[in-house]
Amino acid sequence: MQVIEFQIRTRQHNEMIDITAEVESIVEKSGTANGICLVFCPHTTAGLTINENADPSVRRDILTELSKIVPENDPDYSHSEGNSAAHVKASLISSSVQIIIENGRLLLGTWQGIYFCEFDGPRERKILMKIIEG
Amino acid sequence: MQVIEFQIRTRQHNEMIDITAEVESIVEKSGTANGICLVFCPHTTAGLTINENADPSVRRDILTELSKIVPENDPDYSHSEGNSAAHVKASLISSSVQIIIENGRLLLGTWQGIYFCEFDGPRERKILMKIIEG
Amino acid sequence: MQVIEFQIRTRQHNEMIDITAEVESIVEKSGTANGICLVFCPHTTAGLTINENADPSVRRDILTELSKIVPENDPDYSHSEGNSAAHVKASLISSSVQIIIENGRLLLGTWQGIYFCEFDGPRERKILMKIIEG
């Protein structure tokens, strides 16, 4: 199947945006019954993860803790753009998620949602999707 | 190929359980000669990783270090269920692993095993698998 | 398509090596028009990530910060080989990356490169690749 691209607008410097509905909708429109779906982030200061879709405090805690693990400012950072923390977080979180498609639906756990993780916003961002049938 | 689901029982709060034999057995039973295998964790306080299969001290060190990086208790956690550390670790470790299948076998390195990482146990957990031939 | 293996020589204890050109070249030689490419690291003290391909200071900052997050020496490490930090980093970074192939090319963002992350070098290392058409 062809590659699908969609855009999102982030509003905060660090932010997790639920993109499950967009991904699910693209899978439904594709008519794919079974296969896998690769969701890919083509940016180096953002990433993708799967985590809890219910209580928003989980996202808050993930972002807070990530900023403790990778401090925004560190005198040892050498990159002149000043966004090294965002690059480190992107590599810790990963540039893609893979989800199984079964009977035309994303096979996520009850509490799972797919999140775009912005680490250097606010910005216009894009997300790529590729479905492999099988 | 259809989705395969299997269950495991974790025994510790933080634990890495070797699931390589189960994954290998499912690949063998599927009769797949070549392709890729997606192993997916449908939980938000657990994850999957590939790491050393020989000395169990490696798993111990990974779990100990993860608990230093992401403390179990932090006054800044806001999630009322008290398991924010488990959610953060899940996103750091990732919800899936992908392995190449060649001549009916998982193409892992000599020292590699596939691990289910429990961060909020003990619990009954399930693991999903999807094979794409090609 | 068959599995492709290539070798690299790392020169530092901690090092990020750009392998984008090798991966791109293998995709081109395969003649694959569309699909996904799985790049897999069969080692447990190294990993793969996608991050900035322009300013080399970004790689330096990622490696420096990873070594602060996961200290090389920790009295709590029990693994006798003394490379526990490398194992922890490998699981944080991940053993594989997945990239979309479109019209015979890797669909990476403008600033993205694929990096082999050495955490216990210098060593001879190998990298596996599998392309799934679709």
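These exercises, each with a worked solution, concern a predicted model.

**Exercise 1. Symmetry of chains B and C**

Find the turn and shift that lay chain B on chain C, and name the kind of axis to which they belong.

Solution.
Step 1. A turn of 120 degrees, with a shift of 0.0 Å along the axis, lays chain B on chain C. The RMSD of this superposition is 0.0 Å.
Step 2. Such a relation is that of a three-fold axis.
Step 3. Next, look for the residue of chain B that comes closest to the rotation axis: B:Leu92, with its C-alpha at 3.4 Å.
Step 4. The two copies use different surfaces, as 15% of the contact residues of chain B recur in chain C.

**Exercise 2. The interface of chains B and C**

Describe the interface by its contacts, its buried area and its polar contacts.

Solution.
Step 1. Start with the residues: 33 from chain B are in contact with 31 from chain C.
Step 2. Turn to the area. About 2,500 Å² is buried between chain B and chain C, and carbon and sulfur atoms give 59% of it.
Step 3. On the side of chain B, the residues that lose the most area to chain C are B:Asp61, B:Glu65 and B:Ile100. Together they make up 22% of what that side buries.
Step 4. Between these chains, 17 residue pairs are in polar contact, with both residues at pLDDT 80 or more.
Step 5. Assign the touching side of chain B to its elements. Those giving two or more residues include the helices α2 (57-69) and α3 (84-93), and also the strands β3 (35-40), β4 (46-52), β5 (96-102) and β8 (124-133).
Step 6. The largest share, 10 residues, comes from α2(B).
Step 7. Sort that side of chain B by class: 15 residues are nonpolar, 10 are polar and 8 are charged.

**Exercise 3. A salt bridge between two chains**

Locate the partners of the salt bridge between B:Lys68 and C:Asp76, and state how accessible each one is.

Solution.
Step 1. The count of salt bridges between chain B and chain C is 2. In the pair treated here, the side chains of B:Lys68 and C:Asp76 meet at 2.7 Å, N to O.
Step 2. Classify the partners. B:Lys68 has 41% relative accessibility and counts as partly exposed. C:Asp76, with a relative accessible area of 46%, is partly exposed.
Step 3. Place them. The pair joins two chains, because B:Lys68 lies in helix α2 of chain B and C:Asp76 in the loop between α2 (57-69) and α3 (84-93) of chain C.

**Exercise 4. Salt bridges within one chain**

Show which parts of chain A are linked by the salt bridge of A:Lys89 and A:Glu72, then treat the pair B:Lys89 and B:Glu72.

Solution.
Step 1. Over all chains the count comes to 27 salt bridges. In the one that A:Lys89 forms with A:Glu72, the closest N and O atoms are 3.9 Å apart.
Step 2. A:Lys89 is in helix α3 (residues 84-93), while A:Glu72 is in the loop between α2 (56-69) and α3 of chain A. The pair links distant parts of the chain, 17 residues apart.
Step 3. A:Lys89 counts as buried, because its relative accessibility is 1% and the cut-off for buried is under 20%. At 27%, A:Glu72 counts as partly exposed.
Step 4. In chain B, a salt bridge joins B:Lys89 and B:Glu72, with 3.9 Å between the closest N and O atoms. B:Lys89 lies in helix α3 and B:Glu72 in the loop between α2 and α3 of chain B, so the pair ties together parts 17 residues apart in sequence.
Step 5. B:Lys89 counts as buried at 1% relative accessibility, and B:Glu72 as partly exposed at 28%.

**Exercise 5. Two buried residues**

Describe the surroundings of A:Pro42 and of C:Thr20.

Solution.
Step 1. A:Pro42 has its place in the loop between β3 (35-40) and β4 (46-52) of chain A. Its relative accessible area is 8%, so A:Pro42 is buried.
Step 2. Among the residues that A:Pro42 touches are A:Lys126 and A:Leu128, as well as C:Gly109 and C:Gln112 of chain C.
Step 3. A:Ile127 is also touched. The C-alpha atoms of A:Pro42 and A:Ile127 are separated by 6.8 Å, although the residues are 85 apart along the chain.
Step 4. C:Thr20 is found in helix α1 (residues 20-30) of chain C and counts as buried at 13% relative accessibility.
Step 5. The side chains of C:Thr20 and C:Asp18 are joined by a polar contact of 2.5 Å. Leaving out residues up to four places away in sequence, C:Thr20 touches C:Leu106, C:Leu108, C:Gly113 and C:Ile114.

Key:
Residues numbered from 1 in each chain as written. Chains lettered and ligands numbered in written order. Predicted model: local features only at pLDDT ≥ 70, side-chain atom pairs only at ≥ 80, totals over all residues. Heavy atoms only, no water. Least-squares fit on C-alpha atoms with pLDDT ≥ 70 in both. Contact = heavy atoms within 4.5 Å. Buried area = accessible area lost by both parts, 1.4 Å probe. Salt bridge = Lys/Arg side-chain N within 4 Å of Asp/Glu carboxyl O. Polar contact = N/O pair within 3.5 Å; in protein donor to acceptor, adjacent residues only side chain to side chain. Helix = DSSP H or I, 4+ residues; strand = E, 2+ residues; numbered from the N terminus. Nonpolar A, V, L, I, M, F, W, Y, C, P; charged D, E, K, R; others polar. Buried < 20%, exposed > 50% of the residue type's maximum accessible area, 1.4 Å probe, protein only.
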